[in-house]
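Look first at the overall fold, then follow the cysteines. The text below takes them in that order.

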Amino acid sequence: MPTTDSTAEHSTNPNAEPKHTNLLVDESSPYLLQHAHNPVDWYPWSDEAFAEAVKRDVPVFLSIGYSTCYWCHVMERESFENEEIAAQMNKQFVCIKVDREERPDVDEIYMAATQIFSGSGGWPMSVFLEPKSRKPFYAGTYFPAKPMYGRPSFPQILDSLSGAYKNQHAEVIQQAESIAEAVREQVAQSNTPVPVGNAQITRTTSGLLQRFDRTNGGFGGSPKFPQPVYLEYLMDMRGYTDDDTADAIDAVMKTTLDKMALGGINDQIGGGFHRYATDAIWLVPHFEKMLYDNAQLAHIYARATVVYNDSLYARTVRRTLDYVLTEMTDPGDPGVRGFFSAQDAEVDGREGLNYLWVQSDFDKVLGDDTDFASKVYGLDAGTNFQDPHHPDEPPRNVLRLSNRPDQLAPQIGMALDAFLDKLDAINAKLYSAREQRKQPRLDDKVSCGWNGMIISGLVAGGEAVDEPRYIEAAEHAAEFLYTHMRTENGQLARAYRAGKAKIPGLLEDYAMCVQGLLALHRSKLSRDENSLPRAIELMEQARTDFGDPDGGYHDTRADRTDLFVRSRSVYDGAVPSGISVMFANLVELADLTQEDLWVDRAVGALRSMSSPIARNGIGVINSTRQLLGLMTMSDLVGSRYQFLGEEDSTQDEEAVGPVTVFVDTDTVSVDDDTPAEFMIAVEIADGFHIVAAEPGEGESTALLVPLRVGLISGQGVAVYADYPKGDEYGVESVGTINVHTGRIEFKVAIEKAVGVGPTPGEPILGITYQACTDTACQQPRTVELKIAVQVQ
């Protein structure tokens, strides 16, 4: 079992008294506790921290990460455990640590700032804030302790920004205001309703089928994420389309589910799926395991078990959920105190060390079964893994199956049942041996939203393979969420650990908890009679706390005074957006109850999401899925919403204020060997100019936002622009800068790039600019480019 000792890997003598202790020692988050004995004087996110910064008249350094983040660990080892760098941090800043899994609301708005400022994002996130307003004036991700990777060192960044705060304070405040306004536009925008219907469904389905990797399954190239929300959409769609499209969907489903189940992304020994594959063939994973991935994958494999009557999918459901019941909760009482969040990717700083094998390991553990196991798991073909961060480490093996068991068994001359019995016995021996190794760290906090997701997965799995103990575990977890995951004022809590539940839940927590309760209500195996009334109660509370008059929802409550913007995220990433899950709940309740109340609210949610669906149906795929659901309920919906669905296809321009942006295509495609190019034209109204990509070398230019084209969400491509040189423009208050006026055109090139991008999901391109007149500058704006990016 993974260790819950969050400091064990950094201590040579775990019994020794720590040399340093900071305020994080009183927190319950495993990620924060990992930093509790850094020499940095970390504060948790709190009013006290910002008050201290105001008192000392210094900026805030905000570091956001999570417990299983590899580069978060690297930056800790290099900088946060370095006595000299820590002393500099303590002198020049008040330093705050945030667990993004506890505070996704904080993470979201500062990630938007990071993307606006630098053109990309990721973790660890490193953001510098003006303490009175909490608005960011500089942002980045990982900074090395010494200059490398084309980046300045972290100490250099600290010195520069501390100096700017002291000596250019007015410019810092202006920069913070500008970035904050751009963040508001990106994460808090409301959308004008537009007609949506068959056109969006057709375009979204076609887009997913085009992105399908026909050889290896999944969507796009490397790194390859499971994208279960895409599969859920396609599984819905196959029942409402023509035979040819249904056959194409079946090919996507079967190829993808087969390849994932057989690959190294699936832990062949202990069960459960790793985060993603670093390659295109599902072989070598990034080894962390997340509850939300396994919840979603258990659900889609359960649906596929029923639809295709496939024994491999049923076996995958059992192995995934058995893993969750064994390693992600108290195995003695599964679900009674909820389910844990994640297992780390590394052991002793080595990626995946606990999961890797060499031939001598098999020889020692398996004896006479070595040859059978080596053939089945691929060791006879040689090693397949080399630690990318430690090239001097010997090569090892990630275990994978070369074919489906029902194909391997006859090749070896065995009946399928006998083959699986022998494989299970071998797995038990290897699992026992693996348990003797040093284990990856366990993030044992209980996340409300993610527990809602695993409740849905357990119910679907229990129904699909007729396993009551999965339903029972789901019932226990639902009871725990409803009864114990509460703050002092009775709100659902975001997270629970060590008896503490103090952070109020967000929209996604309510939405996913309700989704789990509705799954229990539908289940023929569940005896829980409280699930539907509890779901309705939480829906009403969520409408009061998060609802918007336009029928949509905000991610946070209106009374969160610690945030400078109230976000309403619409895009789906590693987990579906909170509003899309709430939309799904409304559609489900409309179907269950046939009541006008829920139909009206479901249609209201559609209106609020119609513009994003029309703009990018794949980017908001879970909401597009609910559009499909409402379209199949047209008799119930009636005239409440007109599904026209024949509006213009992708537009080629976007006008915002004095700037209009044009692109010359609506689709580009890249693969391993072939980049793509397109042209952008930017028209700037008379009397305005925009800051050039290279604004100049003066100190004041650091406080302006230059022209940038890049990813605003998603992963998989690197973006390069041949920016035109600006014209010199002199203003006494800021000095000479380079700007553009009139119309400019330039070429943008994109190429396939493994792991590049702020979040998992489809790459979405955007352009950021700051428009000014002779007397004032507007807030920076980020405009999504209406170009579909296909990564082959």
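Buried residues make up 61% of the 792 residues in the protein. The model is a predicted one. Its secondary structure consists of 24 helices and 27 strands. The radius of gyration is 26 Å, close to the 28 Å that the globule rule gives for 792 residues, so the protein is as compact as a globular protein of that length. Along the principal axes, the C-alpha trace spans about 85 × 70 × 55 Å.

Contacts show how the chain is put together. Of the contacts with a separation of 6 or more, 71% are between residues 24 or more positions apart. On the outside, the accessible surface comes to about 30100 Å², and carbon and sulfur atoms account for 47% of that surface. The protein carries 69 positive and 117 negative side chains, and the centres of these two sets lie 3 Å apart.

Now turn to the cysteines. The structure holds one disulfide, formed by Cys69 and Cys72 with their sulfur atoms 2.4 Å apart. The link is right-handed, with 80° about the S-S bond. Cys69 is buried at a relative accessible area of 3%, and Cys72 is buried with a value of 3%.

Why does Cys95 have no bond to Cys72? The sulfur of Cys72 is the closest cysteine sulfur to that of Cys95, but it lies 16 Å away, which is too far for a bond. Cys95 counts as buried, at 1% relative accessibility. Cys448 is in no disulfide either; the nearest cysteine sulfur, in Cys513, is 4.8 Å away, whereas a disulfide needs the sulfur atoms within 2.5 Å. Cys448 is buried, with a relative accessible area of 0%.

Note on methods. Residues are numbered from 1 along each chain as its sequence is written. Side-chain values use heavy atoms; hydrogens and water are left out. Helices (H or I, at least four residues) and strands (E, at least two) are DSSP runs, numbered from the N terminus. The radius of gyration is taken over C-alpha atoms; the globule rule is 2.2 Å times the number of residues to the power 0.38. Buried means under 20% relative accessible area, exposed over 50%, partly exposed in between (1.4 Å probe, protein chains only). Contact means heavy atoms within 4.5 Å. Accessible areas come from the Shrake-Rupley method with a 1.4 Å probe; for residues, only the protein chains shown count as cover. Lys and Arg count as positive and Asp and Glu as negative; His and the chain ends are not counted. The place of a charge is taken as NZ of Lys, CZ of Arg, CG of Asp or CD of Glu.
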